Amino acid sequence: MTVIVLALFRCAFIGDSTTQTNAEEQVCLADDDSIANQKIVDVQESQDAQEQLNAQSPSISSAPSAIDWSKPHRIKGVANFDKAFPDSNHVQLISAHRWGVSPVKDRVDAERRKCELVYIGSSPYYIIKPLTSSIPYLVPHAALLLEDIGRSFMDSLQAKGLPLHYAVVTSVLRSEYDVKRLRRHNGNATEQSCHLYGTTFDINYNLFAKVGDPEVCPKPDYGEARYKQVLSEVLNDLRQQGRCYVKYERKQPCFHITVR
């Protein structure tokens, strides 16, 4: 009887313990399911957020490729110099009257007019050929144009992979005395010269001085037409922007330029 009573008591105790254990296991399983479901929700939300971010941001494949600066730009030049630069002296004279100073009588008079004129005899972007019939002064408006031409010319040479050269200025401000003397042997010279007003300068298209050796006097280089083409590109762009008038001269190999 004792054995039977103990057996019954033990069965009853084990049953309660098993029931409690099963209940605890079910609670733990329920907690594990909740954690797992929460993790799934978190992962899904993270994926949704990433997809939304990708949709708002451009893909790597659609991003523009890097520019290869190692490839030199092509030299275009102009098709016809006479057609690209047709601005006659009459056209340029109107702009000279508008932007220029009153004509100077001689060099002494020019020295007195420094309040109206800018000295352009020194620049890192161009050189002045030794002048015999003009003096290195321009009105500020024209001096800025010349500086931009020289700088743009060097930038274009670098972009096209060519050795850097200075543009060579051959004529600037002329006095009335210079014009009279010049007309004796220069058919292009006129009494109504734009050079009288400090708005006009000439850049030779056959003379270029190599950067790094500025003390060497520039010499004509008719074989290097590339530099002439690059200079024509620069002048054509500035002319189309309305910054200058340009005449292509043949008797005197130069671009005759007046500020606008």
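Okay, let's start with a polar contact: the side chains of D148 and R151 are joined at 2.5 Å. D148 sits in helix α5, which covers residues 140-159. Is D148 buried or exposed? It's buried, with a relative accessible area of 11%; the cut-off for that label is under 20%. And before I go on, please keep in mind that this is a predicted model.

Right, that's the helix. Now over to the sheet, where I'll spend the rest of my time.

So, we have an open sheet of 5 strands, and the order is β2-β4-β5-β7-β6, with mixed pairing. Which strands stand at the edges? Those are β2, residues 126-128, and β6, and each has a single partner strand, so one side of each has no neighbour in the sheet. If you ignore direction, neighbouring strands here are turned against each other by 35 degrees on average.

Let's take β6 then, residues 244-249. You've just heard that β6 is an edge strand with a single partner. Even so, 5 of its 6 residues are buried, so the strand is largely enclosed by the rest of the structure. Its pairing with β7, residues 254-259, is antiparallel and runs over 6 bridges. The two strands make a hairpin, with 4 residues between them. If you want to find the register on your screen, look for V246 opposite I257 in β7, and K247 opposite H256, again in β7.

Next, β7 itself. How many of its 6 residues are buried? The count is 6 of the 6, so β7 is largely enclosed by the rest of the structure. In a regular strand, side chains alternate between the two faces of the sheet. Here both faces of β7 are covered: on one side you have C254, H256 and T258, on the other F255, I257 and V259, and all of them are buried. On the β5 side, β7 pairs in the antiparallel sense over 5 bridges. One position to look at there is T200, whose bridge partner in β7 is T258.

And T258 deserves a slide of its own. The residue lies in strand β7, and its relative accessible area is 0%, so T258 counts as buried. What does its side chain make a polar contact with? That would be the side chain of Q92, at 2.4 Å. Leaving out residues up to four places away in sequence, T258 touches Q92, S95, A96, C194, T199, T200, C244 and Y245.

Okay, last topic: the rings. The structure holds 9 aromatic pairs. One of them is Y205 with Y248, which is stacked, at 5.0 Å centre to centre with 20 degrees between the planes. That pair links distant parts of the chain, with Y205 in strand β5, residues 200-210, and Y248 in strand β6, 43 residues apart. Both Y205 and Y248 are buried.

Y205 also forms an aromatic pair with F255, and this one is edge-to-face: 5.3 Å centre to centre and 65 degrees between the planes. Y205 is in β5 and F255 in β7, so the pair ties together parts that are 50 residues apart in sequence. Again, both Y205 and F255 are buried.

Now zoom out a little. Which residues do the ring pairs link into a cluster? They are F81, F85, Y205, Y248 and F255. And there's a lysine to look at here too: K228 lies over the face of F81, 4.4 Å from the ring centre. K228 also lies over the face of Y205, this time at 4.1 Å from the ring centre.

So, to wrap up: Y205 is a good residue to click on when you open the model. From there you can go to Y248 in β6 through the stacked pair, to F255 in β7 through the edge-to-face pair, and to K228 over the face of Y205. Thanks, and happy to go back to any of the views.

Conventions: Residues are numbered from 1 along each chain as its sequence is written. This is a predicted model: local features need pLDDT of at least 70, side-chain atom pairs count only at pLDDT 80 or more; totals for chains, interfaces and linings use all residues. Side-chain values use heavy atoms; hydrogens and water are left out. Buried means under 20% relative accessible area, exposed over 50%, partly exposed in between (1.4 Å probe, protein chains only). Two strands pair if DSSP finds at least two bridges between them. Axes are lines fitted to C-alpha atoms, for helices over the stretch in contact, and angles run from 0 to 180 degrees between N-to-C directions. A polar contact is a pair of N or O atoms within 3.5 Å; within protein, one must be able to donate a hydrogen and the other to accept it, and residues adjacent in sequence count only if both atoms are side-chain atoms. Contact means heavy atoms within 4.5 Å. Rings of Phe, Tyr and Trp (its six-membered ring) pair if their centres lie within 6.5 Å; planes under 30 degrees apart count as stacked, over 60 as edge-to-face and the rest as tilted. A charge sits over a ring if NZ of Lys or CZ of Arg is within 6 Å of the ring centre and within 35 degrees of the ring normal.
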